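Trainee: I am new to this structure and would be grateful for a close look at a single part of it. Please take one element and its surroundings, and describe them in a connected way.

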Amino acid sequence: MCRSIKTLREPYVPAVTPADIEAAALQYVRKVSGFRAPAAHNAAAFEAAVGAVTAATATLLDQLQVRGARPTPAP
């Protein structure tokens with residue numbers, strides 16, 4: 001779909017930052033909407049979509065169980 005969205009789970013990426021997740025969400029919304037930057041009248045919908053995709057991606061990555069992955073230390 002969008003070649004600039006990189007895989008964010010282990011073993012492809014050892015650590016994922018919130019900025020990585022938001023960047024992937026932004027690329028996804030740009031691709032789906034067809035807008036690099038939306039017009040003012042679409043900006044709220046665009047930003048809401050980026051926020052929703054960011055949250056969904058963070059949830060997905062938190063819940064994935066990768067075989068052979070190193071357990072993350074508790075904070």
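Mentor: Let us begin with Leu60, which is located in helix H2. The model is a predicted one, and every value below was computed from it. Leu60 has a relative accessible area of 48%, so this residue is classed as partly exposed, given that the partly exposed class runs from 20% up to 50%. Along the chain, Leu60 and Arg9 stand 51 residues apart, while their C-alpha atoms are separated by 9.7 Å.

The surroundings of Leu60 lead to a pocket. Leu60 is among the residues that lie nearest the centre of the second largest pocket, together with Lys6, Leu8, Thr57 and Leu61. In total, 13 residues line this pocket. Two elements, helix H1 (18-33) and helix H2 (43-63), each give two or more residues to that lining. The largest share comes from H2, with four residues. By chemical character, the lining of the second largest pocket consists of nine nonpolar residues, two polar residues and two charged residues. The space in this pocket amounts to about 160 Å³. As for how such space is found, rolling a probe the size of a water molecule over the atoms shows where empty space is left.

Ala58 also belongs to helix H2. Its relative accessible area is 24%, and Ala58 is therefore partly exposed. Leu8, already named as one of the residues nearest the pocket centre, serves as a reference point for Ala58: the two are 50 residues apart along the chain, with 10.0 Å between their C-alpha atoms.

Thr54 is a further member of helix H2. Here the relative accessibility is 19%, so Thr54 counts as buried, because the limit for a buried residue is under 20%. A polar atom of the Thr54 side chain lies 2.7 Å from the backbone oxygen of Val50. Leaving aside residues up to four places away in sequence, Thr54 touches Ile21, Glu22 and Ala25.

Ala25 appears once more when we turn to Ala52, whose place is likewise in helix H2. Ala52 and Ala25 are separated by 27 residues in sequence and by 8.5 Å in space, from C-alpha to C-alpha. With a relative accessibility of 46%, Ala52 is partly exposed.

Finally, the part may be set within the whole. The protein chain has 75 residues, 16% of which count as buried; Thr54 is one of the buried residues. The chain contains two helices and zero strands. Among contacts in the protein chain with a separation of 6 or more, 54% join residues 24 or more positions apart. The accessible surface of the protein chain is about 5,800 Å², and 58% of that surface belongs to carbon and sulfur atoms.

Key. Residues numbered from 1 in each chain as written. Predicted model: local features only at pLDDT ≥ 70, side-chain atom pairs only at ≥ 80, totals over all residues. Heavy atoms only, no water. Buried < 20%, exposed > 50% of the residue type's maximum accessible area, 1.4 Å probe, protein only. Contact = heavy atoms within 4.5 Å. Areas by Shrake-Rupley, 256 points an atom, 1.4 Å probe, with all protein chains shown as cover. 1 Å grid on protein atoms, 1.4 Å probe; cavity = no way out; pocket = protein on both sides within 12 Å on 5 of 7 lines; lining within 4 Å. Points joined across faces, edges and corners; volume = space filled by probe spheres on them. Nonpolar A, V, L, I, M, F, W, Y, C, P; charged D, E, K, R; others polar. Polar contact = N/O pair within 3.5 Å; in protein donor to acceptor, adjacent residues only side chain to side chain.
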